[in-house]
Amino acid sequence: MLTRLKSFRLLAGVVGLSASLSFPVFAQDIFSVSGVHVDESAETAAAARDQALAIGQRKAFDEVVARLTLPEDRRGLGTPNQNDINNMVRDFGVSNEKTSSVRYIADMTVRFKENELRNYLRFRDIPFAELQSKPVIIVPIYHSGGYTSLWDDPNPWRDIWSRNFASGGLVPVKAPIGDLQDIGIVSAEQAENGAIDRLNELARRYGANVAVVASATVRGETGAETVDVTATRYDAGGAPQIFGVTETTQPGESLNETLVRAAKGVQDQLSDGWKRANLINYGTGGQLMVFIPITGLDDWARIEERIIDSPVVRNSRVVAMSRREVQIAVDYVGSTDQLRTALAQQNLSLSQMGDIWFIQPAGSERLQDLSIGG
């Protein structure tokens, strides 16, 4: 794990550095899986419990691997034995337990050991990503029977996204609450026409920097509906990215269940696109000497915390420090572009001027006042 410079910690203590550090509000433990439901029967309650807990840990392993890897790469992973899974589990908890003499029911939360899970994938040559993006705001527009709705009710498509089922993983997804402020920012027509300024304003309101307009159109008779989703992702400074999802209501399935599958399909495509761009080659990497303009020790502590919180940064040490700047050596894996992307998720900007690299808060103009070595 990363180590922090002891001398700086001592200095921080002397000057009374606040222990309260700033973390990105979207950061989640991507190595933790919640809501794993188990329901097993056996000859005794104890046997049913042991069986359920083993199955729950396997389900959690499958889910966390699906978060980090692409579908085509997972096919080569095979099925780990229970001992391998047990060795990767840090701990687990259960809730909503119900037992009988032969049955055990519960919901599990399983946390995995990061390094053990990484090594398991690396030793099997399975590419993976572990960089979490900033949140994405979904703008859910619903078309059915000639009716179009974004903010009006009923909008079962918006209701599904509002359940926050896609809040975890590498691409956390948020849904707008649909209050008067949201209504005043963007309409369904404006969203579908790509009113980028209004979509960006909506995204900023929810702490996101990307808006995805997801238009779901329902066709067909009750019980045999087809849901066609056209999703357009609007990244700041980039061309819109368009993709589609189609789901058909299965026998015995409700339209709501079909909409849930369609929403998960949108989430999967968003996640896979992010993973493809951020798969890390752990055989590559390097070290950068970086200058960081600062306004004081509190400022430096916040920036340092964000740097070492990045999954592609393996180590960071202070080389020199003054009242106005810090020089650090950063060991990283992957490419410098991946390092730049990773730092951007922490609201930090990595830039280069000639042969000199800089890190500063995104949108900052500190560099113009920085005198290297001063």
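This dialogue treats the reading of helix packing, aromatic pairs, burial and backbone geometry in a predicted model.

Reader: What does the protein chain contain in terms of helices and strands, and how many of its residues count as buried?

Author: The model is a predicted one. Its protein chain has 12 helices and 14 strands. Of its 374 residues, 44% count as buried. When contacts in the chain between residues at least 6 apart in sequence are considered, 65% join residues at least 24 apart.

Reader: How is the packing of two helices to be described?

Author: In general, the description rests on the angle between the two axes and the distance between the axes. Here, helix α2 (residues 45–68) packs with helix α5 (residues 114–122) at about 70°, and their axes are 12 Å apart. An angle of 65 to 115 degrees counts as roughly perpendicular, and α2 and α5 are therefore roughly perpendicular to each other. The crossing in which α2 passes α5 is right-handed.

Reader: Which residues make the contact, and how are they distributed by class?

Author: On the α2 side the contact is made by Phe61, Val64, Val65 and Leu68, and on the α5 side by Leu117, Tyr120 and Leu121. By class, the contact of α2 with α5 has seven nonpolar residues, with no polar and no charged ones.

Reader: How should a pair of aromatic rings be read?

Author: A pair of aromatic rings is described by the distance of the centres and the angle of the planes. A search of the whole structure finds four aromatic pairs. In one of them, the ring centres of Phe61 and Tyr120 are 5.8 Å apart and the planes stand at 90°, so the pair is edge-to-face. Because Phe61 lies in helix α2 and Tyr120 in helix α5, the pair ties together parts that are 59 residues apart in sequence. Both Phe61 and Tyr120 are buried. Together with Phe112, Phe61 and Tyr120 form one aromatic cluster.

Reader: Where do Trp157 and Trp161 lie, and what is the geometry of their pair?

Author: Both residues belong to helix α6 (residues 156–161), where they are four residues apart, about one turn of the helix. Their aromatic pair is edge-to-face, with 5.8 Å centre to centre and 85° between the planes. Trp157 is buried, as is Trp161.

Reader: Is Asp182 buried or exposed, and what does it touch?

Author: Relative accessible area under 20% counts as buried. Asp182, which lies in helix α7 (residues 180–185), has 0% relative accessibility and so counts as buried. Leaving aside residues up to four places away in sequence, Asp182 touches Trp151, Pro176, Ile177, Leu202, Arg205 and Tyr206. The C-alpha atoms of Asp182 and Leu202 are separated by 6.9 Å, although these residues are 20 apart along the chain.

Reader: Which backbone values of Asn96, Asp125 and the bond from Asp153 to Pro154 deserve attention?

Author: For the peptide bond, omega is the angle to read: from Asp153 to Pro154 it is near 5°, and the bond is cis. Pro154 is placed in the loop between β5 (147–149) and α6. For the other two residues, the angle to read is phi. Asn96 is not a glycine, yet its phi is positive, at about 55°. Asp125, also a residue other than glycine, has a positive phi near 55°.

Reader: Where are Asn96 and Asp125 placed, and are they buried or exposed?

Author: Asn96 is found in strand β2 (residues 89–99); it is exposed, with a relative accessible area of 54%. Asp125 is in the loop between α5 and β4 (136–144); it is exposed, with a relative accessible area of 67%.

Notes:
Residues numbered from 1 in each chain as written. Predicted model: local features only at pLDDT ≥ 70, side-chain atom pairs only at ≥ 80, totals over all residues. Heavy atoms only, no water. Axes fitted to C-alpha atoms, helices over the stretch in contact; angles between N-to-C directions. Parallel < 35°, antiparallel > 145°, perpendicular 65-115°, else oblique. Left-handed = near helix turned anticlockwise from the far one by under 90°. Contact = heavy atoms within 4.5 Å. Nonpolar A, V, L, I, M, F, W, Y, C, P; charged D, E, K, R; others polar. Phe/Tyr/Trp six-rings, centres within 6.5 Å; stacked < 30°, edge-to-face > 60°. Buried < 20%, exposed > 50% of the residue type's maximum accessible area, 1.4 Å probe, protein only.
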